[in-house]
Amino acid sequence: MLLLWALLVFIHGTACAKVTAYEYNITWVNRNPDGLHMRPVMGINGQWPIPALHVTKGERIVVTVHNHLGNETTSLHWHGLYQNGTAHMDGPPGVAQCEIPPGDSFVYDFKVDQPGTYWFHSHTRGQYPDGLRAPLIVDDPENPFEDEFDEEVVLSFSDWYHDSMVPLLSSFISVTNPTGAEPVPKSALINDSQDVTVAVQAGKTYMIRMIDIRLTSVKELFDAIPDDLNSNVTGWLVLDGNQELPKPANVDDFDPLDDLSIQPLDGAAVLDKVDRTVTLDLKMDNLGDGAN
Ligand SMILES: [Cu+2]
């Protein structure tokens with residue numbers, strides 16, 4: 001009997017990863033991240049910007065989500081995680097789970113087995129541009145680049161709307177919008193803010209994790225761009241906090257980077273020149289009811 005008990009403890013002990021539990025109370029909070037317009041945004045535990053979730057590869061996370069929004073259903077999706085064997089924890093309502101109704105809760109419980117830079121966000125309608133989103137950083141206990149940097153910095157980049165998504169979606173998917181013109185945002189944000197400063201020290205090497213959490217902002221996508229739209233946002237790397245910050249530079253045109261020119265750092269072989277081209281002609285057709 002003692003042997004069986006010892007054996008059970010052994011099996012249990014080896015099968016269990018480190019488990020971290022979180023309680024996420026989702027509520028409306030009022031914020032004005034671009035200094036132009038106060039609006040309700042979706043926060044977690046009264047906080048917005050929502051703090052990044054830092055976990056370690058191999059860890060099991062148990063996130064209990066309480067929907068205290070009152071007027072909207074919700075969900076959380078763990079962007080980029082494969083969810084092998086835990087597809088029911090992936091988040092998309094109507095696909096992986098039911099919506100979490102107001103006043104109800106849902107427990108996300110899964111093992112995180114991929115290191116890297118991700119984010120989590122609501123997967124309900126257009127809810128994440130209403131603020132329900134945050135970086136999800138999975139540390140690698142065996143990071144091959146561990147010795148090559150001293151500290152990490154997480155930066156998220158986003159567009160920002162002054163209207164909530166419920167009215168924006170109903171005017172977007174509407175007979176009055178037959179071309180399916182996407183709503184144009186009002187501002188751009190870094191780390192859900194416009195005055196981000198990152199303290200840096202000379203001689204240190206930083207690994208910067210960059211996350212694109214915007215909804216739509218590709219200039220080419222918009223049918224018309226208002227003249228007063230400032231698509232610039234500036235953040236500062238600060239060496240000496242006693243100095244005044246320089247005025248933000250206004251950039252009218254960006255020099256796009258050809259990402260085919262980026263070389264993989266992990267030594268993976270670059271693919272040879274293409275020897276075969278497949279041409280696909282795609283047409284974006286809009287239906288008469290404005291839905292595309
Ligand atoms: Cu996503």
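This passage describes the sheet, the nonpolar core and selected loop residues of a predicted model.

The model is predicted, and local features were therefore accepted only at a pLDDT of at least 70 and side-chain atom pairs only at pLDDT 80 or more, whereas totals for chains, interfaces and linings use all residues. Residues are numbered from 1 along each chain as its sequence is written.

Four strands (DSSP runs of E with at least two residues, numbered from the N terminus) are arranged as an open sheet of mixed pairing in the order E2-E1-E4-E6, where two strands are taken to pair if DSSP finds at least two bridges between them. Strand E2 (39-44) and strand E6 (105-111) each have a single partner strand and stand at the edges, so one side of each is left without a neighbour in the sheet. From one strand to the next the twist averages 20 degrees, with axes defined as lines fitted to C-alpha atoms and angles running from 0 to 180 degrees between N-to-C directions.

Within this sheet, E1 pairs with E2 in the antiparallel sense over six bridges and with E4 in the parallel sense over eight bridges. Isoleucine 26 stands opposite isoleucine 44 in E2 and also opposite asparagine 67 in E4. Strand E4 (residues 60-67) is in turn joined to E6 by seven bridges in the antiparallel sense, and valine 63 stands opposite tyrosine 108 in E6.

The largest nonpolar core, a set of buried Ala, Val, Leu, Ile, Met, Phe, Trp, Tyr and Cys residues joined through C-beta atoms within 7 Å, has 28 residues, and those with the most contacts inside it are Ile26, Val65, Tyr108, Phe120 and Leu136. At least two residues of this core are supplied by each of strand E1 (19-31), E2, E4, E6, strand E7 (116-121) and strand E8 (133-139). When residues up to four places away in sequence are not counted, tyrosine 108 touches Val63, Val65, Leu76 and Met89, contact being defined by C-beta atoms, placed from the backbone, that lie within 7 Å.

The loop between E2 and strand E3 (53-56) contains proline 49, and the peptide bond from tryptophan 48 to proline 49 is cis, with omega near 0 degrees. Asparagine 45 lies in the loop between E2 and E3 and, although it is not a glycine, has a positive phi of about 55 degrees. Asparagine 45 is partly exposed, with 15 other C-beta atoms within 10 Å; on this scale a residue is buried if 20 or more other C-beta atoms lie within 10 Å of its own, exposed if 12 or fewer, and partly exposed in between.

Technical notes
Contact = placed C-beta atoms within 7 Å.
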